[in-house]
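Work through the following exercises with the sequence and the structure side by side. Each task is followed by a solution that goes step by step.

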Amino acid sequence: MGSFAVAPANPFQDVPAGKLDGLDNLLAQFRADSDPNRTDLLVGVYKTDEGKAYVLPSVKEAKARIFNDPDWHHEYRPFALGSPRYRELSTKLFFGADHRLLREKRIVSTQTLGASGGCHAGAVLLKNHYGPWKRRGNPEIFLPKETWLNHPFVFESAGIKTSLLPYFNKKTNIFDFEAFKLAVTDTPPESVILLQSGAQNPTGCDPSPEQWRELALVFSQRGHLAFFDAAYPGFASGDLDTDLEGVRLFAELEIPLVFVSTYGKSFGLYSERVGILSVVVPNEDVGKRIEVQLRLLARAESGAPPDFGARIVETILSDDVLERQWREEVYDMASRLKARRLALREGLEQLYTPGNWRHVTDQNGMFSYVGLSVEQVVLLRSKYHVYLQDSGRISIAGLNNFNIQHTIRSISAVVKATTSEDG
C-alpha cells in the first residue's frame with residue numbers, strides 16, 4: 001500500500017515553460033492598456049466604420065432560414081469530409097462552376113477547421129504521401145519571407161521544415177517580383193511552395209495577372225507543387241473570381257496544387273472555423289485514393305466536421321439571390337477597406353509626413369506594410385497607444401471613424417521624430 005503514496009514521476013518533465021508568441025503578448029498589452037485612445041490594429045477582423053462587429057445581412061438571412069427549419073438538429077452529420085453539397089458548392093465557387101477539372105472529377109475536397117486546419121491537414125497529407133518528399137526523406141516547404149505568422153508554426157508542427165523566399169522590397173514597399181521569381185526558379189525541382197491567392201497577409205502585395213502567368217510557367221518547368229492559401233477571396237479587388245484568377249490558371253495548366261480557403265473572412269464567420277481543403281489530382285482513380293486518406297485525416301483531426309458554419313455557407317451558395325447579395329456585401333467590404341486606405345494615405349500626406357505613402361493605396365486587402373521600423377512601432381505603442389505588430393503590419397480592417405485620425409497623427413509624429421533632416 002505504501003507504494004501508492006509515492007508521488008509519481010513528472011510525465012511532462014521535458015515540456016519547456018515557453019512563452020506567448022508576439023501577437024498574444026501584444027494583445028495582452030492592448031487589453032491591459034487603459035488609455036482612452038488605445039487603438040487595436042493587430043488582428044484581421046473586419047469591423048464597421050463605427051468599430052463594431054459586422055454580421056453580413058446574407059448571413060443573418062441564412063441563419064434565420066436554418067433556425068426556422070423544423071428538421072434542423074445538432075446530431076452528428078454522416079459525412080467525415082463535410083456534406084457533399086458543401087464540398088460541391090465550395091469547389092465550384094473557388095475553381096469556377098464550369099472548370100473542366102470538376103467535370104473530370106479531378107478535384108477532391110474536405111471540410112476543414114478554417115484555413116489553419118486546412119493548412120495542417122494539407123501538410124500532413126503531403127508529408128505522408130507526396131512522392132518527392134518521400135524520396136528525399138526531408139519534407140520542406142518554401143514560404144515567402146513575409147507571410148502569415150501562423151504559416152511556419154502550422155507546417156513545423158507537422159514535422160515539415162520551412163525555408164523562406166524573398167517577397168517584399170522594404171525600400172519601395174512593393175512586391176519584389178524579380179527576387180521572388182528567381183528564388184522560385186532556384187528551389188530544387190518538385191518543391192512545395194506556399195502562395196496566397198490575393199490580399200496577401202501581411203504585406204497587401206499580390207502578383208499582377210502577368211506575374212501570375214510568369215510564375216505558373218516557372219512552376220510548370222520546375223515541377224513544383226503550389227500550396228495555395230486563399231484566406232481573403234474578394235478582399236483584394238472586390239470580386240472573388242478576379243482574386244482567384246491565379247489559382248484557376250495554375251489548375252488549368254495542370255500544376256500540382258493543394259488549395260486551402262476559409263469562409264471566416266468573406267462570410268464573417270471567424271469563430272465558426274469553417275474552411276475547405278482541395279487537392280487537384282491527375283485522374284479519378286488517384287482522386288478516390290486521396291479521398292480515403294482525407295477521410296482518415298478528418299476522422300483523426302476532428303472526428304466529425306462542425307456543421308453550423310458550413311450550413312450557413314451552403315444555404316447562401318445554394319440560393320442564387322442570396323449568393324448575389326453576399327457577393328455584393330464582399331464588394332462593399334473591399335470598397336470600404338480601400339476607402340480607409342485612401343483616408344490613411346491622404347491624412348499622412350496632408351500632415352507632410354516624411355516619405356512616399358503611395359504604397360498604402362497600391363496595396364490591398366485587410367493588411368498593409370506601411371514601412372515603419374521596429375523603433376517606430378515600439379514608439380507608437382508606448383507613447384501613442386497604437387498597437388501593431390513589430391513587422392509594421394497594420395490591420396486596415398481595424399481602422400474606423402473613431403481611431404483613424406488618432407492613428408494618422410500618431411504615425412506622422414513618430415515618423416517625424418525618428419527621421420533625420422537629411423533623410
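**Exercise 1.** What volume does the largest pocket have?

*Solution.* The model to be examined here is a predicted one. In this model the largest pocket has a volume of about 1,100 Å³. The next step is to look at its walls: 44 residues line this pocket, and those closest to its centre are L23, W148, L149, Q389 and R393.

**Exercise 2.** Find which element gives the most to the lining of the largest pocket, and describe the make-up of that lining.

*Solution.* Begin with the elements that each supply at least two residues of the lining, which are α1 (22-32), α5 (114-129), α7 (150-157) and β11 (367-369). Of the elements, α1 gives the most, with five residues. Then sort the lining residues by character, which yields 18 nonpolar, 15 polar and 11 charged residues.

**Exercise 3.** Describe the second largest pocket in the same manner.

*Solution.* The space in the second largest pocket comes to about 440 Å³. Its lining consists of 17 residues, and L102, K105, I107, V108 and E291 lie nearest the centre. Two or more lining residues come from each of α3 (84-95), α4, β2 (107-112) and α12 (284-301), while α3 gives the most, with five residues. Sorted by character, the lining of this second largest pocket holds six nonpolar, three polar and eight charged residues.

**Exercise 4.** Which parts of the chain does the salt bridge between E214 and K181 tie together, and are its two residues buried or partly exposed?

*Solution.* First check the distance: the closest N and O atoms of E214 and K181 are 2.8 Å apart, and the cut-off for a salt bridge is 4 Å. Next locate the partners: because E214 lies in helix α9 (residues 209-222) and K181 in helix α8 (residues 177-186), the pair ties together parts that are 33 residues apart in sequence. Finally consider accessibility, where buried would mean under 20%. E214 has a relative accessibility of 24%, so this residue counts as partly exposed, and K181, with a relative accessible area of 24%, is partly exposed as well.

**Exercise 5.** Where in the chain are R100 and E252, which form a salt bridge, and which residues share a network with them?

*Solution.* The closest N and O atoms of R100 and E252 are 2.9 Å apart. This pair links distant parts of the chain, since R100 is in helix α4 (residues 100-103) and E252 is in helix α11 (residues 245-252), 152 residues apart. E252 is partly exposed, at a relative accessible area of 37%. For the last step, follow the shared partners: salt bridges join R100, E104, R106, E252 and E254 into one network.

Terms used:
Residues are numbered from 1 along each chain as its sequence is written. This is a predicted model: local features need pLDDT of at least 70, side-chain atom pairs count only at pLDDT 80 or more; totals for chains, interfaces and linings use all residues. Side-chain values use heavy atoms; hydrogens and water are left out. A salt bridge is a side-chain nitrogen of Lys or Arg within 4 Å of a carboxyl oxygen of Asp or Glu. Helices (H or I, at least four residues) and strands (E, at least two) are DSSP runs, numbered from the N terminus. Buried means under 20% relative accessible area, exposed over 50%, partly exposed in between (1.4 Å probe, protein chains only). On a 1 Å grid over the protein atoms alone, a cavity is a set of points where a 1.4 Å probe fits but cannot get out, and a pocket is an open set with protein on both sides within 12 Å along at least five of seven lines; lining residues have an atom within 4 Å of a point. Grid points are joined across faces, edges and corners, and a volume is the space filled by probe spheres set on the points. Ala, Val, Leu, Ile, Met, Phe, Trp, Tyr, Cys and Pro count as nonpolar, Asp, Glu, Lys and Arg as charged, and the others, Gly among them, as polar.
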